[in-house]
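Grab a pencil and take a look at the protein below. Try each exercise yourself before you read its solution.

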Amino acid sequence: MIDPTVLMRRAVRSVCDDHNLQPASLAQFDHNTQEQFRDLAITVADDMRYNALKYFRPFEHQRSFFTTISDRRGILAANRIGKTVSTCYETAMHLTGIYPEWWQGKRYDRPITAMVAGEGWSQVALVLQNELLGTPDVKLKDNIGSGAIPRDAIDQDTMRSDGANCIGVEIRHVTGGKSYLLFANYTQEVRQLQGFKLNLAVFDEQPPDDFFSEIVTRTATTQGMVMCSFTPLKGLNGLVSKFWNREEGYDYIRVSWADVPEHDPWGEPFLLHSTRQQLERDYLPHERDARIQGKPIMGKGAVFQIRQWPTYKTGDIPFQEMRNISRVIALDLGLVNDKTVISLMYWDPYEKTAWLHRQIVVQGVEEAVPTQYINHLLRPEVYGTPIVLPADASTPGRYTMSSTSIRELFEQYELNVIQGAIMNPPDPQGRITNHKSYGINQMRQMLEVGSLMINENCVDFLREAQNYYVDTQGRFSDPDDCIDSARYALLACLQGIAEPWDNLSPQQRMARQRDQLYRTRDETNLPAWKKSFNPAG
């Protein structure tokens, strides 16, 4: 519910705009005209109270959001910029079929079923219910209708409630039918959300993955739409990652404080510069990017806190011309729910620099038949490259569905498989382990300083790494198949397992080295006794 004083100021501004008047000129009107203006302003203010949708004036960033056209639409935004207002007013338009003249987004020409959801019942009532219905407590019936949905459109007789919270209510549509609005929260059991259809799902702040999956399933047969608004304080994971990486079907706008003026479209103070300065001082350092710029937080739990990933394009690095280059292949083996990932990594042992050049992600039918993905390792350009495998590659029957292990199968094809499983180097006490944290920490440090470069075509690795988190018990998040494959390759490089590669045979390599030796030794001005022995001379 908007404060009556604010309503009156907006009403005055609305009347002035409709009649092409400046507020400063009102004092120059005669008494009769002033009385007529006042009566009209009071009438408009009364109409505004229960018909806010009619008078909605969006910011430019809200208009930009309204014109996004994907089925999954999001606002990744700083705090206090009106992101929830955006999704709630659009929800009100779709429920009622009332669209303003300036509207250019999607339209529904018939009643719909919509669900709006937030983090808990208290948050749903204080934010979503208050924004849509005008009150955080539906027992205060006088306030119902002062939100985004006009009062005349709310069929209060159909309202189902639980104390202060509205559970569901019918909304009158301009066609004469009725839409249905449902409220939900992320703490509900997923099984309670099954068995119904939705045309529209709205998420306020980031939902749990299982909750999101269940709700979007409700939109499948209706070709429904999903709207999300969140300040990405939980990092670059789950739903945030899908938007941030613009996966197919996902579209979003990012809104920072710099995109929002200090006053709203009515001319009222909105987010003043002094307020922004104080909030910036109040926020914790690791939160500021998310709360001020709408960028996913890289704080507690994120493994790779990297803003600019060290990437390169195929062809950027002339590996064939680099004298000291080595390479290795590593596999992380999958079964049923996991993927098999093949990594090719180049390594300069003198510069201590690695390049994750290519990853092949194998799953489905090809993964179930190892002889099919062995073909990737038999290709002429990589055949003979040393291959490292994890410990369970020697387990008979695992991954092969036969009495043969993957290691034995590779050896039958005469692949250059390194003996033994790839492990961490010995610790100061001489113990050899396979603790994941050692390799991950090496990878993290090298990524931070740019000594581990990633080919931009390794999109699955980048996606996993950007989403990679460790919980308070030290457990790493899933999926991490691409990360593990790259980790094995990096461990092999660091332990000298990678072999030199210059696309030459041993004979050609020796000849080139001989030619290089004589080419670089200029003996023109040397005395005869210092010149190299040449039996032909």
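Here come four short exercises, each with a worked solution.

This is a predicted model, where local features need pLDDT of at least 70 and side-chain atom pairs count only at pLDDT 80 or more, while totals for chains, interfaces and linings use all residues. Residues are numbered from 1 along each chain as its sequence is written, and side-chain values use heavy atoms, with hydrogens and water left out.

**Exercise 1.** Work out whether the protein chain is a compact globule or more spread out.

*Solution.* Start with the parts list: the chain has 16 helices and 15 strands (DSSP runs numbered from the N terminus, with helices being H or I of at least four residues and strands E of at least two). Next, the radius of gyration is 32 Å, well over the 24 Å that the globule rule gives for 537 residues, so the chain is more spread out than a compact globule. (That radius is taken over C-alpha atoms, and the rule is 2.2 Å times the number of residues to the power 0.38.) Finally, check the spans of the C-alpha trace along its principal axes: about 120 × 65 × 45 Å.

**Exercise 2.** Find out how enclosed strand 11 is.

*Solution.* First, the cut-offs: buried means under 20% relative accessible area, exposed over 50%, and partly exposed in between, with a 1.4 Å probe and protein chains only. Now go through residues 340-348: nine of the nine are buried, so strand 11 is largely enclosed by the rest of the structure. Then split them by face: one side includes Ile-342 and Leu-344, the other includes Val-341 and Trp-347, and both faces are covered.

**Exercise 3.** Which strands pair with strand 11, and over how many bridges?

*Solution.* Two strands pair if DSSP finds at least two bridges between them. Strand 10 (residues 326-332) pairs with strand 11 in the antiparallel sense over seven bridges, and Ser-326 has Trp-347 as its bridge partner. Strand 12 (residues 353-362) is also antiparallel to strand 11, over nine bridges; there, Met-345 stands opposite Leu-356. Strands 11 and 12 form a hairpin with four residues between them, where Lys-352 takes a positive phi near 55 degrees.

**Exercise 4.** Look at the loops: where do Asn-20 and Pro-479 sit?

*Solution.* Asn-20 lies between helix 1 (4-18) and helix 2 (31-49). Its phi is positive, near 55 degrees, and at 73% relative accessibility Asn-20 counts as exposed. Pro-479 is in the loop between helix 14 (459-466) and helix 15 (481-494). A cis peptide bond joins Asp-478 to Pro-479, with omega about -5 degrees.
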